[in-house]
Amino acid sequence: MILIKPVSDLRNKFPEIESAVNQGQPVYLTKNGHGAMVVLSLEKYSELTDDVENKLDEADRAAALSDVRYTHEEVFSRLREGLNG
């Protein structure tokens with residue numbers, strides 16, 4: 001179940017939000033009826049970002065072993081080609 005709370009609950013009901021987050025549930029916070037942020041546990045955040053961090057580290061190692069450099073236009077062009085088939 002998605003837990004959506006007003007951002008004021010972060011201040012007023014912190015223990016309730018902390019409990020939900022510590023149980024692995026993200027809490028979506030709204031401000032003036034619009035999405036403002038998501039609160040995650042460190043473990044859940046790590047699950048989302050660790051693979052990206054590892055891939056960036058791998059790219060840094062590969063770049064250190066090569067003299068080839070690409071412009072941002074070349075990189076994004078290749079990404080678009082890969083995404084669009």
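Is N32 buried or exposed? At a relative accessibility of 71%, N32 counts as exposed. The residue belongs to a predicted model, and the account below proceeds from the turn that holds N32 to the strands, the nonpolar core and the helices.

**The hairpin and its turn**

N32 is found in the loop that links β2 and β3. These two strands form a hairpin, with two residues between them. The phi of N32 is near 55 degrees, a positive value in a residue that is not glycine. Most residues other than glycine have a negative phi.

**Strand pairing**

Strand β2, residues 27–31, is joined to two other strands. Towards β1 (residues 3–6) the arrangement is parallel and comprises four bridges. Towards β3 (residues 34–39) the arrangement is antiparallel and comprises five bridges.

Individual pairs give the register. On the parallel side, I4 has Y28 of β2 as its bridge partner, and K5 stands opposite L29 of β2. On the antiparallel side, L29 stands opposite M37 of β3, while Y28 has V38 of β3 as its bridge partner. Y28 is thus paired with I4 and also with V38; L29 likewise faces K5 and M37.

The two faces of β1 are unlike in their covering: L3 and K5 form the covered face, whereas I4 and P6 form the uncovered one. Ahead of this strand, M1 lies in the segment before β1. M1 counts as exposed, its relative accessibility being 91%. Although M1 and P26 are 25 residues apart along the chain, their C-alpha atoms are separated by 9.8 Å.

**K5, a buried lysine**

K5 lies in strand β1 and is on the covered face of that strand. Its relative accessible area is 14%, under the 20% limit, and K5 is therefore buried. The side chain of K5 makes a polar contact with the side chain of E16, at 2.5 Å. Beyond its neighbours within four places in sequence, K5 is in contact with E16, V27, Y28, L29 and T30.

**The nonpolar core and A20**

The largest nonpolar core consists of six residues: L3, I17, A20, V21, V27 and L29. Helix α2 (14–22) and strand β2 each supply at least two of its residues. The largest share, three residues, comes from α2. In soluble globular proteins, nonpolar side chains tend to be buried together.

A20 is a member of this core and has its place in helix α2. With a relative accessibility of 9%, A20 counts as buried. Neighbours within four places in sequence set aside, A20 is in contact with L3, Q25 and V27. Two of these contacts, L3 and V27, also belong to the core. In contrast to such contacts, A20 and D57 are 32 Å apart in space from C-alpha to C-alpha, with 37 residues of sequence separation.

The accessibility values of four residues discussed above are collected here.

| Residue | Relative accessibility | State |
|---|---|---|
| A20 | 9% | buried |
| K5 | 14% | buried |
| N32 | 71% | exposed |
| M1 | 91% | exposed |

**Helices α3 and α4**

Helix α3 covers residues 42–64, 23 residues in all. At 1.5 Å a residue, α3 should span 33 Å, and its end C-alpha atoms are 31 Å apart, which agrees. This helix bends by about 40 degrees at T49.

Helix α4 covers residues 72–84 and has 13 residues. The expected span of α4 at 1.5 Å a residue is 18 Å, and its end C-alpha atoms are 18 Å apart, which agrees. How many residues of α4 are buried? The number is zero out of 13, so α4 lies largely in the open. Just after α4, G85 takes a positive phi of about 85 degrees.

Key: Residues numbered from 1 in each chain as written. Predicted model: local features only at pLDDT ≥ 70, side-chain atom pairs only at ≥ 80, totals over all residues. Heavy atoms only, no water. Pairing = 2+ DSSP bridges. Expected span 1.5 Å × (residues − 1). Bend = angle between axes of the 7 residues up to and from the residue. Core = buried A, V, L, I, M, F, W, Y, C linked by side-chain atoms within 4.5 Å. Buried < 20%, exposed > 50% of the residue type's maximum accessible area, 1.4 Å probe, protein only. Contact = heavy atoms within 4.5 Å. Polar contact = N/O pair within 3.5 Å; in protein donor to acceptor, adjacent residues only side chain to side chain.
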